[in-house]
Amino acid sequence: MMVLTNTLCVLPKQLRLGNILRFISTCSKKLNDGSYMATERPPLPIMTSRKIEFPNPYIAPKQAWLENLDTVNSEKLGIVDLHPDIFGVAPRIDMLHRNVKWQQLYKYINYDWEPTRAEVRGGGRKMWPQKKTGRHRAGSNRAPQWRGGGKAMAERGPYSKYYMLSEADRINGLCIALSVKYAQNDLHIVDSLEIPTDESEYLEELIDTRYWGFSALFVDDTDIMPENIALAASDIGQFNLMPVYGLNVYSILKHNTLVLTLAAVDKIEKKLLERLHSPFLHSSKKGKRPS
Amino acid sequence: MAATIARNFARIRGHVLRRNTPAMLFKHARRYNHDEVNNYTVPYFPEEAKKRSSDAEYPDIEVSTEDFKFVERLLPQKTVPIPDEQELYPTPSGWVPTNENLQPKEYGVRRTRNHMLPCYYKKHNNGRETVKIQRIYGDIWKLKEDLSGYFASNVEFPVDIQVHEVGRWILVRGNYTEQVAQFLLSKGF
């Protein structure tokens, strides 16, 4: 880090590491043979450790490669330490399901509607006398047990399925989703989202050569994405960009690969740890799914 | 949401993308210069207004963030602070810090975010009483052995202990909160 600040003393002091890396990686250049190469880069490795707040005394930090996006083949720029409470928790699948179910339901409106016996046409006449026929006592042929009758306890939409999951569960779900991605080797950390061209073929080739699967979610700490990757990903439906504040369990699980920038990792870790060590975080029965 | 962003980018492809343009929240935001509005005198005397503006030599208002520390003192803390070091332990409230020298290597029990022991007493509806130890790391069976050894020498009756290896917790049958806490403290947790 000291070497970095010395070589880039032109930059303002307040720039964070992620921004510095972002600045560096914009300097990639197209070669004559059509490939791309990053021209300026500080001596590797850029980083081999990372400061971790609220360390876990019993689990060593998880480690991940710091990679780049400005060349098709992956270059290992360094090693990043990840907090074990966020990237190394036990994979509780029930908690993931609870989060996914909540995300599907809270925006769901049930439009199912069926008529009651009062709303079905007809049925005002007593079908046969109360007594002396030997048949059952029938007052209306639109009662629920009749064919063509109304529906008892019917769905009376539109009905909102909105409920709020407790904050403890939401935070737990995010930690578990990140841990699952890390454990399955589907979590990649890059220095920045800068790519040298806005062609979608470049992004496809990059993801194919690195075996990143069919879909990828790129997460940055800001919502103003670099122009090239925004244009390149816009043509392909399964490559998506997302700021940190939009990160959610459903999207993490939906995409094959999760690509975080270093700045995004910093922000995610800071926010989650702040909530995990907050005096106001409670799990409540209120947040559970209404049965 | 990302899909929506991506789709919108597709629509404006080929045009110059706007970068870092702040959103205009109100229509009036551009129409008035706030300084001009604030320094406006009724009736309007330009000289008087000039004296009031912040560019003047002796401006009417001085912007200071000096007293904000008193506000910060009232705001709740975002994370639970680490307790200060005391001269004497246990403190008057009975709190004892962790002691790393006493801790065994095989397993660990981590304090909660409020720096308390993670053991919880519960009285069930059928009268059953249990004590649960959570946040266990490492060899949970060794911890169970040590705990049952502690109970053998400190409690007259045999104590049932349940170990949940996946959930990382230990359940003790009966109200042995004091004994469990003493055991954990003796191990330095």
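Contact here means heavy atoms within 4.5 Å, and that criterion underlies several of the stops on this tour.

This is a predicted model, in which local features need pLDDT of at least 70 and side-chain atom pairs count only at pLDDT 80 or more, whereas totals for chains, interfaces and linings use all residues. Residues are numbered from 1 along each chain as its sequence is written, chains are lettered from A and ligands numbered from 1 in the order in which they are written, and side-chain values use heavy atoms, with hydrogens and water left out.

**Chain A as a whole**

Begin by selecting chain A, whose secondary structure comes to nine helices and ten strands; helices (H or I, at least four residues) and strands (E, at least two) are DSSP runs, numbered from the N terminus. Of the 291 residues in chain A, 45% are buried, where buried means under 20% relative accessible area, exposed over 50%, and partly exposed in between, with a 1.4 Å probe and protein chains only. Among the contacts in chain A with a separation of 6 or more, residues 24 or more positions apart account for 72%.

**Ile86(A) and its surroundings**

Next select Ile86(A), which lies in helix α3 (residues 84-87) of chain A and is buried, with a relative accessible area of 0%. Leaving aside residues up to four places away in sequence, Ile86(A) touches Cys175(A), Leu178(A), Ser179(A), Glu269(A), Leu272(A), Leu273(A) and Leu276(A). Of these partners, Glu269(A) is 183 residues from Ile86(A) in sequence, yet the two C-alpha atoms are 7.1 Å apart in space. Cys175(A), another of the partners, is itself buried at 3% relative accessible area. With a disulfide taken as a pair of cysteine sulfur atoms within 2.5 Å, the count over all chains is zero.

**The salt bridges around Asp266(A)**

From Glu269(A), extend the selection to Arg50(A) and Asp266(A), since these three residues are linked in a network of salt bridges, a salt bridge being a side-chain nitrogen of Lys or Arg within 4 Å of a carboxyl oxygen of Asp or Glu. The side chains of Arg50(A) and Asp266(A) meet at 3.0 Å, N to O. This pair links distant parts of the chain, with Arg50(A) in the loop between β2 (36-38) and β3 (62-67) and Asp266(A) in helix α9, 216 residues apart. Arg50(A) is buried at 13% relative accessibility, whereas Asp266(A) is partly exposed at 32%.

Moving along from Arg50(A), select Lys51(A) and Glu53(A), which form a salt bridge with their closest N and O atoms 3.5 Å apart. Here Lys51(A) is exposed, with a relative accessible area of 68%, and Glu53(A) is partly exposed at 44%. Over all chains, the salt bridges number 14.

**Asn248(A)**

Now select Asn248(A), in the loop between β9 and α8 (249-254) of chain A, a residue that is buried at 16% relative accessible area. Its side chain makes a polar contact with the side chain of Gln103(A) at 3.1 Å; a polar contact is a pair of N or O atoms within 3.5 Å, where, within protein, one must be able to donate a hydrogen and the other to accept it, and residues adjacent in sequence count only if both atoms are side-chain atoms. The side chain of Asn248(A) also reaches the backbone nitrogen of Ser251(A) at 2.7 Å. Not counting residues up to four places away in sequence, Asn248(A) touches Gln103(A), Leu174(A) and Met242(A).

**The interface with chain B**

Finally, display both chains: 28 residues of chain A are in contact with 22 residues of chain B. The area buried between them is about 2300 Å², of which carbon and sulfur atoms give 59%, buried area being the accessible area (1.4 Å probe) that two parts lose on being put together, summed over both. Two salt bridges are counted between the chains, and one to select is Glu274(A) with Lys78(B), whose closest N and O atoms are 3.8 Å apart. Across this interface, seven residue pairs are in polar contact, both residues being at pLDDT 80 or more. On the side of chain A that touches chain B, the elements giving two or more residues are α7 (227-234), β9 (239-243) and α9 (262-276), and α7(A) gives the most, with five residues.

Within chain B, a last selection is Arg173(B) and Asp160(B), whose side chains meet in a salt bridge at 3.2 Å, N to O.
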